[in-house]
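Biologist: I should like to understand the reasons behind the terms used for this model. Please show it first.

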Amino acid sequence: MVCRVRAQGKGEPVIELTDVAYSYGDGELLGDMTLSLPTGSFYFLTGPSGAGKTTLLKLCYGELLPTAGHLRLFDQDVRSLDRDGIAEMRRRIGVVHQDCQFLDHLSIADNIALPLTVAGHSLAGEQQNLAELMNWVGLRDRADALPPELSGGERQRAALARAVIMSPDVILADEPTGNIDWEMSQRLLQLLVELNRMGKTVVIATHDMSLIRAAKTQVQSRVLRIAGRRIQQAGADL
Ligand SMILES: Nc1ncnc2c1ncn2[C@@H]1O[C@H](COP(=O)(O)OP(=O)(O)OP(=O)(O)O)[C@@H](O)[C@H]1O
């Protein structure tokens with residue numbers, strides 16, 4: 001698979017929160033969040049349902065802006081970015097959404113290629129990259145299938161392929177193994193670990209403690225737990 005890693009040096013922070021708070025309106029959901037994720041790191045984000053894991057990921061890719069505090073992505077304060085700046089920054093972040101939605105009338109290959117199409121790339125020049133990516137996620141034989149024809153595990157792998165097709169520096173995955181069996185979870189974890197070995201920063205929100213334990217044998221990972229509106233660093237050996 002073709003994967004470029006951009007300028008940020010290993011160990012430099014890619015996501016930095018300083019005293020960040022977030023509120024959807026009534027009462028603070030997240031508060032006093034200070035956190036720095038270095039380039040090339042591998043993090044799990046855990047905590048009870050409703051604690052704010054998805055919300056924190058949305059802050060990390062600029063879909064939401066903090067209601068207080070400072071958020072820097074790739075060394076830029078998100079508040080200083082205009083629309084183009086936010087769009088450029090988002091291209092450097094691949095997101096695997098919890099619901100991994102697809103356009104059901106497009107083939108799975110076209111769905112995976114959608115970020116390229118939206119960014120105005122000619123698909124003709126990207127066929128090899130796309131084929132390599134489909135192969136990498138084990139969907140080469142499913143390229144022409146429509147999304148409703150895929151299994152849960154195939155959908156999750158397609159969602160991962162779509163998230164990385166623009167060669168992002170950071171991959172944020174929200175419950176990527178939520179609806180799939182153990183074997184498929186392991187395959188997905190392996191793909192995320194491979195991306196991390198290519199230098200990508202990976203953050204996975206999950207309830208699945210067995211996934212976190214399995215990752216320990218493959219990659220140096222850290223666990224962040226959100227509880228009581230705050231973030232707690234659980235360390236590498238949860
Ligand atoms: N757009 C929104 N408007 C208002 N409240 C919201 C919105 N999105 C989420 N919330 C609320 O914020 C809280 C945190 O939601 P979030 O999805 O971030 O939690 P989570 O830790 O990811 O939960 P889960 O593990 O169940 O996916 C919940 O109480 C949720 O109802």
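Modeller: The following exchange takes the terms one by one. The model is a predicted one.

Biologist: What makes the radius of gyration of the protein agree with that of a compact globule?

Modeller: A compact globule of 238 residues would have a radius of gyration near 18 Å, and the protein has 17 Å, therefore the two agree. The C-alpha atoms fill a box of roughly 45 × 40 × 35 Å along the principal axes. Within the protein there are 7 helices and 10 strands.

Biologist: What share of the residues is called buried, and by what cut-off?

Modeller: A residue is buried if 20 or more other C-beta atoms lie within 10 Å of its own. By that count, 35% of the 238 residues are buried.

Biologist: How are the helices α3 and α4 described as a packed pair?

Modeller: Two packed helices are described by the angle between their axes and the distance between those axes. For α3 (residues 108–118) and α4 (residues 127–136), the angle is about 115° and the axes are 11 Å apart. Their crossing is right-handed.

Biologist: Which residues of α3 and α4 meet, and why is their contact called nonpolar?

Modeller: In α3, A109, I112 and A113 meet L130, L133 and M134 of α4. The contact divides into 6 nonpolar, no polar and no charged residues. Ala, Ile, Leu and Met count as nonpolar, so the contact is called nonpolar.

Biologist: Which residues surround the ligand, and how do they divide by class?

Modeller: Around the ligand are Y24, L29, G47, S49, G50, A51, G52, K53, T54 and T55. This shell has 3 nonpolar, 6 polar and 1 charged residues. Gly counts as polar and Lys as charged, so G47 is placed with the polar residues and K53 is the charged one.

How values were computed:
Residues are numbered from 1 along each chain as its sequence is written. This is a predicted model: local features need pLDDT of at least 70, side-chain atom pairs count only at pLDDT 80 or more; totals for chains, interfaces and linings use all residues. A residue is near a molecule or strand if its C-beta atom, placed from the backbone, lies within 6 Å of it. Helices (H or I, at least four residues) and strands (E, at least two) are DSSP runs, numbered from the N terminus. The radius of gyration is taken over C-alpha atoms; the globule rule is 2.2 Å times the number of residues to the power 0.38. A residue is buried if 20 or more other C-beta atoms lie within 10 Å of its own, exposed if 12 or fewer, and partly exposed in between; C-beta atoms are placed from the backbone. Axes are lines fitted to C-alpha atoms, for helices over the stretch in contact, and angles run from 0 to 180 degrees between N-to-C directions. A crossing is left-handed if the near helix is turned anticlockwise from the far one by less than a right angle, and right-handed if clockwise. Two residues are in contact if their C-beta atoms, placed from the backbone, lie within 7 Å.
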